[in-house]
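Trainee: I should like to learn how to read individual features of a structural model. May we go through one example together?

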Amino acid sequence: DANSIEALYKIKSLSFFIDHILPNIFLPNLMAIKSVDVEENVIEYDESIYDSVTNKWVKNSQSSETDIPSNQKSFEVFINKHLSVSKDNDTGYVTVGVKHQSPIIAQAWTRLIVEELNNFFRLKDKAEAQAAMDYLNKQISQTSYAEVKQVIAELMQHKTQQLTLIEVTEFYVFD
C-alpha cells in the first residue's frame, strides 16, 4: 500500500514529530528522565535538566535563559534513542515500536504514533477524494453527453465508496 510506504518516511520526519508527537507527549519524559521505578511507576528526572518540584527546566549555567530542549534536539533523541521502525520485506508488515525506561510510556507513545499516522493519512486521503468528487461534480454538470455522464457517475460512486471506507476504518494505515 502506498500509504504504508509513505508512512515509513513520514514517521521519521521532523515535521511529523513537531506537529503530531511533540504536542502530545510530556517533554521531560523524553529529554530529562534519570530512572524509572517500574514496580511503583515512579519517574525520577535529572534535576540538572528538569526540576520536577517546580515543573520547570533548569537554567543554563552559561546564560540566564531556561534550557528548554529545541524541537530539533528532541526529535534527534526520539528518533535515535526511542523509535524503532522496521519492515518485513517478505510479508510487507511494518513494525513500529518505542523503547523507553517506562513500559507505560513506551506503550502510550507507540499508540500515539499509530493513531497520529492513521489520522494524518485518513485526512490526506479524505481531502484528495473530496477534491476529486468536487471536480467530478463540476464536470458532470458541464457535459451534455449521456455516455460521459455515465462514466463520471461511476467514478463518483467509486469516490463515494472510498470516502465511506476512509470514515469507517479505525486502523487506516497501521493497527
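Mentor: Let us begin with contacts. Setting aside neighbours within four places in sequence, Asn71 is in contact with Leu14, Phe17, Ile18 and Leu22. Please bear in mind throughout that this is a predicted model.

Trainee: In which element is Asn71 placed, and how far is Asn71 from Ser15 in space?

Mentor: Asn71 belongs to helix α4. Between Asn71 and Ser15 there are 9.8 Å from C-alpha to C-alpha, with a separation of 56 residues in sequence.

Trainee: Is Asn71 buried, partly exposed or exposed?

Mentor: The term buried is kept for residues under 20% relative accessible area, and exposed for those over 50%. Asn71 has a relative accessible area of 36%, and therefore it is partly exposed. Ser74 also lies in helix α4, but Ser74 has a relative accessibility of 1% and so counts as buried.

Trainee: Which residues are in contact with Ser74, leaving aside its neighbours within four places in sequence?

Mentor: The contacts of Ser74 are Phe17, Leu22, Leu27, Leu30, Met31 and Pro69. Phe17 and Leu22 also appear among the contacts of Asn71.

Trainee: I should next like to understand the interior. Which residues of the largest nonpolar core touch the most other members?

Mentor: A nonpolar core is a set of buried residues joined through their side-chain atoms. The largest one here has 33 residues, and Ile21, Leu30, Phe78 and Ile113 touch the most other members. Elements that give two or more residues to this core are the helices α1 (2–10), α2, α3 (27–31), α4 (71–82) and α5 (103–142), together with the strands β1 (33–37), β5 (83–87) and β6 (94–98). The most comes from α5, which gives seven residues.

Trainee: What does Ile113 touch, not counting residues up to four places away in sequence?

Mentor: Ile113 touches Ile11, Phe16, Ile21, Phe78, Leu83, Val96 and Val98. There is also a second, separate core of six residues, among them Ala129, Leu136, Ile152 and Met156.

Trainee: Phe16 is one of the residues that Ile113 touches. Where does Phe16 lie, and is Phe16 buried or exposed?

Mentor: Phe16 lies in helix α2. With a relative accessible area of 1%, Phe16 is buried. Not counting residues up to four places away in sequence, Phe16 touches Lys10, Ile11, Ile21, Ile113, Glu116, Leu117 and Phe120. By contrast, Phe16 and Ile140 are 38 Å apart in space, C-alpha to C-alpha, and 124 residues apart in sequence.

Trainee: How many cavities of 30 Å³ or more are there, and which residues line the largest cavity?

Mentor: A cavity is a space where the probe fits but cannot get out. The count comes to one cavity of 30 Å³ or more, and the largest cavity holds about 30 Å³ of space. Its lining consists of Ile11, Ser13, Phe16, Phe17, Ile21, Phe78 and Ile113. By class, six of the lining residues are nonpolar, one is polar and none is charged. Helix α2 (residues 14–21) gives the most to this lining, with three residues.

Trainee: How should the length of a helix such as α6 be checked?

Mentor: One compares the expected span with the distance between the end C-alpha atoms. Helix α6 (residues 146–168) has 23 residues, so at 1.5 Å a residue it should span 33 Å; the end C-alpha atoms are 33 Å apart, which agrees. In α6, the buried residues are Ile152, Met156, Leu163 and Ile166, and what covers them includes α5.

Trainee: Which backbone angles deserve a second look?

Mentor: Most residues other than glycine have a negative phi. Asn41, however, has a positive phi near 55 degrees, and Asn55 has a positive phi of about 55 degrees. Asn41 is found in the loop between β1 and β2 (42–45), whereas Asn55 is found in the loop between β3 (50–51) and β4 (56–57). At 42% relative accessibility Asn41 counts as partly exposed, while Asn55, at 51%, is exposed.

Trainee: Finally, what is Thr95 in contact with, leaving aside its neighbours within four places in sequence?

Mentor: Thr95, in strand β6, is in contact with Ser84, Val85 and Ser86. Thr95 and Val85 are ten residues apart in sequence and 5.6 Å apart in space, C-alpha to C-alpha. Thr95 has a relative accessible area of 48%, so it is partly exposed.

Note on methods. Residues numbered from 1 in each chain as written. Predicted model: local features only at pLDDT ≥ 70, side-chain atom pairs only at ≥ 80, totals over all residues. Heavy atoms only, no water. 1 Å grid on protein atoms, 1.4 Å probe; cavity = no way out; pocket = protein on both sides within 12 Å on 5 of 7 lines; lining within 4 Å. Points joined across faces, edges and corners; volume = space filled by probe spheres on them. Helix = DSSP H or I, 4+ residues; strand = E, 2+ residues; numbered from the N terminus. Nonpolar A, V, L, I, M, F, W, Y, C, P; charged D, E, K, R; others polar. Core = buried A, V, L, I, M, F, W, Y, C linked by side-chain atoms within 4.5 Å. Buried < 20%, exposed > 50% of the residue type's maximum accessible area, 1.4 Å probe, protein only. Contact = heavy atoms within 4.5 Å. Expected span 1.5 Å × (residues − 1).
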